[in-house]
Amino acid sequence: STVNQDEINKFGKLAERWWDPDGPQAMLHLMNPARIGYIRHRLGLQFGMVAEPESTSSPLKGLSIVDIGCGGGFASEALAKLGGNVLGVDPAEESIEVAKVHAEDQGLLGEGKLQYQVATAEMLAENKATFDVVCTLDTIEHVNDPTNFLCLCLSLIKPGGAMFVSSLNRTSLSYALAIVGAEYIIGFVPRGTHDWNKFVTPEELESMVSHYEDYQVLNSLGGASEENTMVVEDVTGMKYDPFRMRWGLTPRDLEVNYIAHITKS
């Protein structure tokens, strides 16, 4: 199993403060607009969608989206507000309950809009679920066997669909900023939130994607495997500006945080 029970317990204990802008997930609150903006832009390029004015836009209408490792629902809610038919899944029951309550308060919870489920990538794959868009944001660095986890997520993409993965690069700068700075000096996130050794480099991510063909053969059980090609279309960095207290996209700077767009032909 790719599920790490210690990580589930860790984030389950933080569940009640998921939506507290000054709580342990404050950085994710601030990062979410940059992540969602990137996803919206890349899907627009991939599917040829024309963005309407922000206040009236539902550019993701008609797309089925799964948010794997959704936590309290930051990305799930934002994607649902853009018109997506979103399923948020997380193995931590406490997080899912918080996500449901918050979504209901926002009038977002419901079939065809936003639903939540206590589940894992394995469970979805076993049920042969597929989606137009698969998101797993800041999750891969918290699982066992990230290659198998990524391949499970890739198997959930419909042909012609997309996947978005965000993580932290394993560099000396990410150690200085995300571990020493954020956890021990400034205290943006609780100590022990991250394990630097589990950070995934963009090169490792691309290598994991290349293993998908082998994964298909191993899991075809004698049947025909899919004949799909996975392509890492783009990798863009994300950087926090402490003076403006906001995150921005940095296409050439992947030293700390990054997000990747993968397509399935």
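These legends go with a handful of close-up views of a predicted model.

Local features are shown where pLDDT is at least 70, side-chain atom pairs count only at pLDDT 80 or more, and totals for chains, interfaces and linings use all residues. Numbering starts from 1 along each chain as its sequence is written, and side-chain values use heavy atoms, with hydrogens and water left out.

**View 1. Strand E5 and its two partners, E4 and E8**.
Helices (H or I, at least four residues) and strands (E, at least two) are DSSP runs, numbered from the N terminus. Nine of the twelve residues in E5 (residues 157-168) are buried, so the rest of the structure largely encloses this strand. Buried here means under 20% relative accessible area, exposed means over 50%, and partly exposed is in between (1.4 Å probe, protein chains only). E4 (residues 131-137) pairs with E5 in the parallel sense, over six bridges, with Thr136 opposite Val165. E8 (residues 257-264) runs antiparallel to E5 and is joined to it by seven bridges; there, Ser167 has Tyr258 as its bridge partner. For strands to count as paired, DSSP has to find at least two bridges between them.

**View 2. The β-α-β unit of E4, H6 and E5**.
Helix H6 (residues 146-154) goes with E4 and E5 to make a right-handed unit. Right-handed means that, with the strands pointing away from the viewer, the path from the first strand over the helix to the second runs clockwise.

**View 3. Tyr38 meets Phe164**.
The whole structure has five aromatic pairs. Rings of Phe, Tyr and Trp (its six-membered ring) pair if their centres lie within 6.5 Å; planes under 30 degrees apart count as stacked, over 60 as edge-to-face and the rest as tilted. In this pair the centres are 6.1 Å apart and the planes sit at 90°, so it's edge-to-face. Tyr38 comes from helix H2 (residues 26-47) and Phe164 from E5, so the contact ties together parts 126 residues apart in sequence. Both rings are tucked away: Tyr38 is buried at 3% relative accessible area, and Phe164 is buried at 0%.

**View 4. Tyr175, Trp196 and a nonpolar patch**.
The rings of Tyr175 and Trp196 have centres 5.8 Å apart and planes at 85°, so this pair is edge-to-face. Tyr175 is in helix H7 and Trp196 in the loop between H7 and helix H8 (202-210), 21 residues apart. Tyr175 is partly exposed at 41%, as is Trp196 at 25%. Tyr175 also joins Val180, Ile185 and Ile186 in a nonpolar surface patch of about 400 Å². Patch residues have over 30% relative accessible area and no salt bridge: like charges are joined within 9 Å, nonpolar side chains (Val, Leu, Ile, Met, Phe, Trp, Tyr) within 5 Å. Areas come from the Shrake-Rupley method with a 1.4 Å probe, and for residues only the protein chains shown count as cover. Ile185 sits in H7 (residues 172-185) and is exposed, at 65%.

**View 5. The Asp138 to Arg35 salt bridge**.
A salt bridge is a side-chain nitrogen of Lys or Arg within 4 Å of a carboxyl oxygen of Asp or Glu, and the structure holds four. Here the closest N and O atoms are 2.7 Å apart. The pair links distant parts of the chain: Asp138 is in the loop between E4 and H6, and Arg35 is in H2, 103 residues apart. Asp138 counts as buried at 13%, and so does Arg35 at 4%.
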